[in-house]
Each structure stands twice: as structure tokens, then as C-alpha cells.
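Colleague: I have a model open and would like to learn how to read it. Could you walk me through it, starting with the ligand?

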Amino acid sequence: MKVLITGGKGMLGRTLCSELNEFEMVPTDLPEGDITDPAVFEALLAEVKPDAVIHCAAMTAVDKCETEIDLAYKLNAFGTGVVAMACHRQGVRLIAISTDYVFEGSADRPYNEFDAADGGNTVYGKSKFAGEEAVRRHCPDHVICRISWLYGAGGPSFVHTMLKLADGTREELKVVADQTGNPTSCLAVARQLRNILNDRRLAGTFHMTCEGETSWAGFAQEIFRLRKIGQKVVPCRSDEFLRPAPRPANSRLDKMMLRLAGLPPMPHWQEALAEFLEKEFGKV
Ligand SMILES: NC(=O)c1ccc[n+]([C@@H]2O[C@H](COP(=O)([O-])OP(=O)(O)OC[C@H]3O[C@@H](n4cnc5c(N)ncnc54)[C@H](OP(=O)(O)O)[C@@H]3O)[C@@H](O)[C@H]2O)c1
């Protein structure tokens with residue numbers, strides 16, 4: 001099976017290419033794989049003739065999206081529409097990567113795939129949701145895969161940032177404790193996408209975050225525990241760290257569609273984190 005990756009130089013794209021190596025992976029990125037140029041992307045697809053596209057390319061800098069609104073919509077909504085229309089015209093299955101930010105984040109339970117999404121309160125979330133809608137409208141043969149709190153080889157990610165900050169120069173590290181989510185490893189996403197790729201009949205929206213939940217502070221504490229780093233973490237509130245884009249208080253995603261489709265569950269976040277840390281930074 002031949003699989004074209006958009007945003008192939010990004011964090012998730014790189015892991016997909018290294019992990020799913022039983023398939024013929026074709027990473028594309030800027031400049032040759034510009035998803036915002038319909039002629040360029042259509043020609044690329046016709047040349048590569050893949051069986052599936054995994055669409056990772058996006059504007060992922062959540063705060064920057066608040067000020068560069070046109071660019072956010074150009075990449076996340078218009079560009080995703082370009083990919084969806086090209087895939088449909090050329091009969092290629094599309095797996096599009098999306099995010100927990102499509103939900104506003106105030107529910108008191110994890111969101112499942114049947115909960116209504118509207119893009120929430122951020123430009124990033126709204127533009128990614130518009131991208132999802134373009135996929136649904138223009139390419140019926142699709143899987144939308146929502147992930148969150150992502151980390152992977154090479155970063156950038158919360159894991160890499162925490163390890164950089166814990167360099168011995170800070171007595172304590174303030175980390176937000178009033179947002180909860182599912183820390184998710186690119187490797188775990190890649191392994192679940194292998195199941196999706198291998199079953200041509202699957203379609204629809206799937207949540208694909210790791211099992212279990214924690215806060216950012218809990219995530220940081222687990223990173224330091226696993227790396228045997230004696231960094232003190234001081235839990236704090238989101239309003240002590242105001243940022244241009246409000247972060248969802250509840251990013252937890254229920255993996256109902258994996259259960260309904262009889263797919264294996266995602267690994268627990270602590271198990272996936274331990275595997276990643278050892279792979280990325282070696283044994284401690
Ligand atoms: N990272 C997270 O925490 C997270 C959480 C939930 C969902 N997601 C979703 O997961 C997917 C992958 O995220 P990621 O963290 O791997 O993102 P990433 O590292 O930012 O990678 C995105 C890639 O897309 C490229 N790109 C930008 N504009 C493009 C264009 N016009 N045409 C083709 N490629 C273009 C980027 O190139 P440049 O670097 O040159 O701009 C980059 O290589 C995204 O859809 C994202 O929304 C991520």
C-alpha cells in the first residue's frame with residue numbers, strides 16, 4: 001500500500017513515516033507539497049498515485065493562529081478542502097488529522113465522537129473544525145482522527161519543553177493544574193492508524209488519544225518521575241498563565257468509535273510516555 005503524508009516533515013508526519021514502514025510511505029511538505037495550491041496538490045497526487053493520504057499539514061501554533069487568522073484558515077480549512085477535493089476526484093482514501101480544540105472544553109466528561117463540535121473559542125479550533133467539515137463534505141471516503149496533547153520524536157512538545165526547563169536552574173516549576181486531557185504519543189497514534197489503513201471499510205470520525213487522563217502538572221510530574229529528575233512542580237491555575245488563545249479546560253476524548261468498530265484500545269498515557277522517553281532519551 002502506498003501512503004502519501006502531507007506535512008511529512010512535522011512531528012507526527014515523521015513518526016508515521018518511521019513507524020509504518022511496512023507501507024510505501026511518501027512524505028510531502030512545503031514547498032513541493034503545498035496543500036494550499038490546488039494545481040500543485042492535484043498534480044502531486046496524480047503523480048504519486050497513493051492508495052491513501054494521511055493529512056498532517058496544518059498551522060499548529062495555537063497562539064499565532066489568533067493573530068494570523070487568514071493564514072490559519074488558509075492552511076487548516078482551505079488547504080484541507082484542497083486535499084479533500086483532490087482525494088475525492090482521484091479516488092484516494094483520506095485520513096485527516098484533527099484536534100480536541102474543535103470542542104469548546106467546558107463539558108464535565110470526556111467528549112465522544114457523537115458530541116456536537118463547533119470549533120470552540122479559538123481560531124485554531126474553528127479553522128480545524130472548518131477543515132473537518134470540508135473533509136466530510138468533499139470526500140466521503142474519509143477517516144477524521146482527533147488527537148491531543150501530542151508528543152513525538154524530535155518535538156517540539158510539552159515533554160521536550162519540560163525536560164529543557166528542568167535543567168537544575170529552577171527551584172520550582174509552575175505548571176497548570178486546572179486543565180485535563182489525554183497526553184498522547186505519536187507512536188500510539190501511528191499504531192492505531194495502521195489498523196485503520198489495513199481496514200479499507202472504516203470511515204467516520206475517530207478519537208485517538210491515549211487512555212487515562214491527567215493535568216499538565218500531572219503530566220510534568222510523571223515526566224520527571226520517569227526520568228528520575230528531582231524537579232519540584234508547583235500546580236497553578238490557567239489564569240496565572242494567560243495566553244492569546246484560551247486553552248480548553250477539558251480536552252479529554254472518549255474513544256467510543258474505536259470500541260464500536262472493534263479496534264484495539266489506545267495504550268494508557270503513562271505506559272506510552274515511558275516507552276517514548278526511553279526511545280527518545282535512553283534508559284535512566
Ligand atoms: N501537536 C499537537 O499537540 C497536536 C494536537 C492535536 C492535533 N494535532 C494535529 O496533528 C497534525 C500534525 O501535527 P504536528 O504537531 O505534527 O504539526 P507540525 O509539527 O507543525 O507539522 C505540520 C507540518 O505541516 C507543514 N506545512 C505548513 N504549511 C503547509 C502547506 N501549505 N503545505 C504543506 N505542508 C505545510 C509544516 O511546515 P512548516 O514547519 O514549514 O510550517 C510542518 O512540517 C496537525 O493536523 C495538527 O493540527 C497536533
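Colleague: Which element gives the largest share of the shell around the ligand?

Modeller: Helix α1 does, with 3 residues. Keep in mind that this is a predicted model. Besides α1, both α4 (69-89) and β4 supply at least two residues of that shell.

Colleague: How many residues surround the ligand, and which are the closest?

Modeller: A residue joins the shell when its C-beta atom lies within 6 Å of the molecule. Here 25 residues surround the ligand, and the closest are Gly 7, Gly 10, Leu 12, Ala 57 and Ala 58. By character, the shell divides into 11 nonpolar, 10 polar and 4 charged residues.

Colleague: Now the sheet, please. What is the order of its strands?

Modeller: To read a sheet, go from neighbour to neighbour. This open sheet of 6 strands runs β2-β1-β3-β4-β5-β10, with parallel pairing. At the edges are β2 (24-27) and β10 (204-207), each pairing on one side only. From one strand to the next, the twist averages 20°.

Colleague: How many bridges join β5 to β10?

Modeller: There are 4, and the two strands run parallel, with β5 covering residues 142-147. For a place to look, find Ile 144, which stands opposite Thr 205 in β10.

Colleague: And which strands do the helices α1 and α7 touch?

Modeller: Helix α1 (residues 11-19) packs on the sheet against β1 (2-6), β2, β3 (52-55) and β4 (93-99), and its direction makes about 155° with that of β2. Helix α7 (residues 186-198) also packs on the sheet, touching β1, β3, β4 and β5, with its direction at about 165° to that of β5.

How values were computed: Residues numbered from 1 in each chain as written. Predicted model: local features only at pLDDT ≥ 70, side-chain atom pairs only at ≥ 80, totals over all residues. Pairing = 2+ DSSP bridges. Axes fitted to C-alpha atoms, helices over the stretch in contact; angles between N-to-C directions. Contact = placed C-beta atoms within 7 Å. Nonpolar A, V, L, I, M, F, W, Y, C, P; charged D, E, K, R; others polar.
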